[in-house]
Amino acid sequence: MKEDIVQKRTELSNVPERPEDHPMLVFLDFTNPDEIKPKLLAAERNRVSFYIREFPVYKSKGYSPLLPDEIQVVIEDPIEANNRVIGSISRRIDSGYDSYAQLSKTYRKEWEELLENKLWEVARVIMGPLSYTARTLVPTAWGMGGSNWGKGTTAYDDDEDLKKLFGDGIVFIRMNLVKDTEDDSLKRKRFLIHEFIGHAVTVDLRADTPIDENVPKCSHQPDKEWLADEITAQIMYRMGYYQNLCDVPRQQMSRKAQNTTKQSFYSENEELKYPGGIDLVIKEIVEKLKSKEVKSDK
Ligand SMILES: [Zn+2]
């Protein structure tokens, strides 16, 4: 009997409590490799296979997702590339387990600081009430720098095993991102907000629009990134991490989209046009993009 009670308590403590009023980012416990390695393998396998499949699309959009060397050399032959997936991923997870664990730990610290600094209170002022969704942060060796990989993205929706392991989805962060001179802690915080709040939390609002989360389905990638970057900039500025809104770094490419989508986010005096109404911002961006498309068709 006693053992039963102890066991139940342990199980309970492993399940993070679901917050009542905001989405949740979950971190893996790397202390047990036997439990974590199969999860990493399933996640990396899905991810690398996706990038093999969509490589031509990414290439045509000017992206170069990182792939294992064994796969990179046969990328023109997707069957052979997929044959090599499991071997190359297993080797990397075995040899690099500590760096997977380290990334998770480093980002967890940043996330906890953000939560302590009232992240969700600030996000709500800008975006409004946020419906519940959860993502697990999974370090990755490949692909693009960061990705929201969850419900509403094709690679995830089609993989039953992955859904069983990770529920609503994954936020991937690549381990070997190039370092720059900027404060790494600020960069990591920006990354987490961009991927989790900018992308994951707004997925449903953007489904089947020109700014759909799926890159292959998304006809206006820069606008999608601009939106995620601007949400991130607003949150970090209002949390006090930057003195001016314009000090928050944005992606180079997303600036191109500013002129078309900025009017949906800001009123003329640079105030939020729809404070607490991110759904309305997205609706207006989508309308603008669609009407532009119709015009250019003529
Ligand atoms: Zn992004």
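Two strands pair, in the sense I shall use today, if DSSP finds at least two bridges between them. By that rule, strand 3 and strand 4 of this chain pair in the antiparallel sense, over five bridges.

Two remarks on the source. The model is a predicted one, in which local features need pLDDT of at least 70 and side-chain atom pairs count only at pLDDT 80 or more, while totals for chains, interfaces and linings use all residues. Residues are numbered from 1 along each chain as its sequence is written.

The chain comes to 15 helices and four strands; these are DSSP runs numbered from the N terminus, with at least four residues of H or I for a helix and at least two of E for a strand.

I begin with the sheet. It is open, has four strands in the order 1-2-4-3, and its pairing is mixed. Strand 1 and strand 3 (146–150) are the edge strands, each pairing on one side only. From one strand to the next, the twist averages 30 degrees. Strand 2 and strand 4 run parallel and are joined by five bridges; Thr140 has Arg174 of strand 4 as its bridge partner. On the antiparallel side, Ser147 is bridged to Phe172 in strand 4.

How much of strand 4 is buried? Five of its six residues are, so that I may call the strand mostly covered. Buried here means that 20 or more other C-beta atoms lie within 10 Å of a residue's own; exposed means 12 or fewer, partly exposed lies in between, and C-beta atoms are placed from the backbone. Over the whole chain of 298 residues, 33% count as buried.

Two helices lie across the sheet. Helix 2 lies across strands 2, 3 and 4, at about 80 degrees to strand 2. Helix 11 lies across strands 1, 2, 3 and 4, at about 30 degrees to strand 3. Axes are lines fitted to C-alpha atoms, for helices over the stretch in contact, and angles run from 0 to 180 degrees between N-to-C directions. Contact requires C-beta atoms, placed from the backbone, within 7 Å.

Next, helix 7, residues 97–116. Its 20 residues reach 29 Å from first C-alpha to last, close to the 28 Å expected at 1.5 Å a residue, the expected span being 1.5 Å times one less than the number of residues. Tyr100, Leu103, Ser104, Tyr107, Trp111 and Leu114 are its buried residues. Why do they line one face of the helix? Seen down the axis, they fall within an arc of 95 degrees, taken from the directions from the helix axis to the C-beta atoms. The face turned away carries the exposed residues Asp98, Glu112 and Glu116. Among the packing partners of the buried residues are helix 2, strand 4 and helix 11. Just after helix 7, Lys118 takes a positive phi of about 65 degrees.

Finally, the largest nonpolar core: 56 residues, with Val48, Val171 and Phe196 having the most contacts inside it. Its largest share, seven residues, comes from helix 13 (residues 221–238). Such a core is a set of buried Ala, Val, Leu, Ile, Met, Phe, Trp, Tyr and Cys residues joined through C-beta atoms within 7 Å.

Definitions and conventions: Two residues are in contact if their C-beta atoms, placed from the backbone, lie within 7 Å.
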